[in-house]
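Here is an informal walk through the structure shown below. Have a look at it, then read on for the details.

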There are 2 protein chains.
Amino acid sequence: MAKNWTYVPGAEYPWQYRYEHMAVTTDCVIFTFEDRQLKVLLIRRGGEPYKGQWAFPGGFLKMNENAKEGALRELREETSLTPSAIEQLGVFSDVNRDPRERVITIAWYALVRPSDVLGGDDADEARWFPVNNLPPLAFDHSQILNAAMERLRRDIHFQPVGFDLLGEEFSIPELQAIYEAILGVKFDRRNFQRKILSSGILEEAAPEPHVDESCLKLCRMPAPIEPMPYAGANSIVDAHLDAAPTPKARTFDAAPEASIDTKSNASPDATRAKSRPGRIASLFRLNKTRYDQMKDSGDKFEF
Amino acid sequence: MAKNWTYVPGAEYPWQYRYEHMAVTTDCVIFTFEDRQLKVLLIRRGGEPYKGQWAFPGGFLKMNENAKEGALRELREETSLTPSAIEQLGVFSDVNRDPRERVITIAWYALVRPSDVLGGDDADEARWFPVNNLPPLAFDHSQILNAAMERLRRDIHFQPVGFDLLGEEFSIPELQAIYEAILGVKFDRRNFQRKILSSGILEEAAPEPHVDESCLKLCRMPAPIEPMPYAGANSIVDAHLDAAPTPKARTFDAAPEASIDTKSNASPDATRAKSRPGRIASLFRLNKTRYDQMKDSGDKFEF
DNA sequence: GCAAAAGTGTTTCGTTTACACCCATGC
DNA sequence: GCATGGGTGTAAACGAAACACTTTTGC
């Protein structure tokens with residue numbers, strides 16, 4: 001069998017093939033939940049094409065790594081993030097999706113806690129954006145985002161997904177806010193609590209009465225959120241255009257003060273920041289045993 | 001920006017790149033349901049590597065087609081099949097999964113009716129195999145099959161999936177047999193019937209009493225099936241090795257007479273072939289309107 | 001007649017849904 | 001006190017699971 005490729009050291013184009021080859025990249029859609037909003041991580045492109053526009057972190061896949069390794073490497077290089085788990089979204093392979101050459105991309109998605117701070121070398125150009133208020137995205141990345149949102153809405157029925165978005169300790173109303181934001185519906189507070197407690201996935205965080213005032217202040221629930229609008233391809237862009245007609249506008253957040261600088265240490269209690277008077281919610285933590293059990297059993301975990 | 005590739009017409013290796021490029025293929029896992037068994041379509045490889053072994057239909061992705069178009073083209077070329085819908089399974093990208101060069105593959109899966117006959121030029125080398133009695137597969141294709149089986153078991157909860165595996169008209173007990181085979185469980189006949197009828201997805205096929213004996217004979221239910229064993233990577237291969245220790249053995253079917261030749265016209269009533277005495281089951285057909293409605297609503301469709 | 005398979009109906013049980021009531025907190 | 005938010009309980013409604021009875025067919 002004839003060899004289909006050769007390597008010519010020193011040549012300007014040393015990698016030579018009998019048949020045309022395409023390039024392969026990875027892209028990561030990273031979600032977090034902060035300030036009562038679902039947010040995604042974007043980086044500003046430093047080079048052509050789409051220079052200056054926002055895109056998902058990613059890059060070319062190397063020969064000595066599989067797709068998952070490549071996605072995690074690029075993510076770490078560009079944002080210093082290393083999620084505990086990423087899942088494959090799928091391949092996006094439209095013929096003209098990249099003006100340079102034929103490039104297909106393998107998209108991944110992950111959920112991280114807001115306390116996972118960004119601090120990479122390129123961190124100046126990495127920022128969290130609320131999913132319903134995004135700048136225009138490079139390449140076909142708004143299509144990728146739509147796939148990620150759809151996937152998230154589907155996975156939430158089967159996997160205890162909300163916990164990856166929260167800190168170590170959290171209250172049930174906080175968890176409920178995540179489910180409501182992702183699914184765009186409202187649940188009965190009492191039924192939600194009973195259901196999640198009976199599932200056995202939570203354990204009390206502070207059963208002993210060692211409470212002090214400063215700790216309690218951090219545990220309030222944020223104000224009720226309005227359900228997230230459906231994130232269709234156009235509605236996302238439209239929402240941005242309505243809110244910020246000029247691409248130069250820097251106010252990507254619905255609430256300006258919620259816009260965080262990448263370099264600032266995100267508070268682990270960011271999701272609880274905006275308290276209102278009311279009874280203090282009890283704190284829980286994940287029952288890891290039960291969590292793993294549910295993850296690989298494939299049982300429903302629905303609300 | 002410097003160009004990263006060049007084309008040298010007439011050269012032995014005309015496609016030349018500044019950076020190393022990998023090859024991209026597509027593979028299709030095609031399921032059908034016949035003789036009370038879930039089956040997959042395999043083709044025997046005519047060239048190296050893995051010459052003579054069985055593999056999923058597929059091949060190299062071309063520059064002027066996206067991944068879905070490429071998968072459908074290869075499938076048509078190799079098996080003459082053109083499923084109405086295929087879905088992306090995911091990318092398999094292990095560094096050494098192909099001995100020739102670095103190759104990643106985009107896997108797809110689809111469900112077809114047993115009446116969709118194979119008749120391509122290479123059809124001699126295409127055959128249906130029961131999923132629990134497979135020959136050794138080339139490349140990492142047993143890993144791909146496992147992903148497809150898992151996906152099928154998951155999708156069946158959300159999509160009215162069984163209908164793609166049946167002919168135009170079918171009885172409810174037939175449909176039940178598919179669900180039981182895929183999920184590996186038994187349902188109460190009466191509850192299954194009530195549930196599926198109340199969903200509105202079926203309409204009566206022969207409401208008028210224009211019945212003649214020859215037609216009725218075709219409408220019997222096959223014998224009860226034993227649940228499909230869990231198709232873990234090893235259990236599949238083991239099942240084959242137990243049943244056919246030598247790779248040359250041709251009896252891949254548990255029931256020898258169920259083994260069909262590719263060239264023989266598969267009967268549309270193959271799933272009803274093995275009748276037992278009993279009352280004749282009523283025939284139904286799909287309510288297309290309701291079917292489309294359920295497909296894109298994402299509602300559950302569970303049994 | 002008998003066994004096997006299918007159609008129809010009913011009873012029971014558990015889960016979900018929709019509330020009512022009380023407690024804790026900040027202003 | 002009062003508005004806001006959280007914790008607990010309960011009754012009604014719905015759907016799922018279990019099971020009885022009858023009909024139709026081949027042998």
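A strand here is a DSSP run of E with at least two residues, and strands are numbered from the N terminus. Keep in mind as you read that this is a predicted model.

## Starting with Lys3(B)

With that in hand, Lys3(B) is easy to place: it sits in the segment before strand 1 (5–7) of chain B. Is this residue, Lys3(B), buried or exposed? Neither label quite fits, because its relative accessible area is 45% and partly exposed covers what falls between under 20% and over 50%.

What does Lys3(B) touch? Once neighbours within four places in sequence are set aside, Lys3(B) is in contact with Tyr13(A) and Arg18(B). Lys3(B) also lies over the face of Trp5(B), 4.3 Å from the ring centre. Over in chain A, Lys3(A) lies over the face of Trp5(A), again at 4.3 Å from the ring centre. For a sense of scale, Lys3(B) and Pro114(B) are 111 residues apart in sequence, and their C-alpha atoms are 50 Å apart in space.

## How the two chains relate

Turn chain B by 180 degrees, shift it 0.0 Å along the axis, and it can be laid on chain A with an RMSD of 0.1 Å. That's the relation of a two-fold axis. In chain B, the C-alpha nearest to this axis belongs to Gln16(B), at 2.1 Å from it. Both copies use the same surface, too: 100% of the contact residues of chain B recur in chain A.

## A look at chain A

Chain A has seven helices and twelve strands. It runs to 303 residues, and 52% of them count as buried. Take the contacts in chain A between residues at least 6 apart in sequence: 75% of these join residues at least 24 apart.

One of the buried residues is Ile156(A), with a relative accessibility of 1%. Ile156(A) is found in the loop between helix 2 (141–155) and strand 10 (170–171) of chain A. Along the chain Ile156(A) is 135 residues from Tyr291(A), while 14 Å separates their C-alpha atoms. Tyr291(A) itself belongs to a cluster, linked by ring pairs to Phe163(A) and Phe170(A).

## Aromatic pairs

How many aromatic pairs does a search of the whole structure find? The count is 15 over all chains. In one of them, Trp54(B) and Phe129(B) have ring centres 4.8 Å apart and planes at 65 degrees, so the pair is edge-to-face. Trp54(B) lies in strand 5 (residues 54–55) of chain B and Phe129(B) in strand 9 (residues 126–130) of chain B, so this pair ties together parts that are 75 residues apart in sequence. Both Trp54(B) and Phe129(B) are buried.

Phe187(B) and Phe192(B) make a tilted pair, with 6.0 Å from centre to centre and 40 degrees between the planes. Phe192(B) is buried, at a relative accessible area of 2%.

## The nonpolar core

The largest nonpolar core holds 43 residues, and those with the most contacts inside it are Val29(B), Phe31(B), Phe163(B) and Ile201(B). Helix 3 (residues 172–183) of chain B provides the largest share of this core, six residues.

Where does this core lie? Domain 1 (6–155) and domain 2 (158–216 + 269–303) of chain B both give residues to it, so the core lies between these two domains.

Notes. Residues are numbered from 1 along each chain as its sequence is written. Chains are lettered from A and ligands numbered from 1 in the order in which they are written. This is a predicted model: local features need pLDDT of at least 70, side-chain atom pairs count only at pLDDT 80 or more; totals for chains, interfaces and linings use all residues. Side-chain values use heavy atoms; hydrogens and water are left out. Rings of Phe, Tyr and Trp (its six-membered ring) pair if their centres lie within 6.5 Å; planes under 30 degrees apart count as stacked, over 60 as edge-to-face and the rest as tilted. Helices (H or I, at least four residues) and strands (E, at least two) are DSSP runs, numbered from the N terminus. Buried means under 20% relative accessible area, exposed over 50%, partly exposed in between (1.4 Å probe, protein chains only). A charge sits over a ring if NZ of Lys or CZ of Arg is within 6 Å of the ring centre and within 35 degrees of the ring normal. A nonpolar core is a set of buried Ala, Val, Leu, Ile, Met, Phe, Trp, Tyr and Cys residues joined through side-chain atoms within 4.5 Å. Domain bounds come from an automatic or database domain assignment. Copies are superposed by least squares on the C-alpha atoms of residues with pLDDT of at least 70 in both. Contact means heavy atoms within 4.5 Å.
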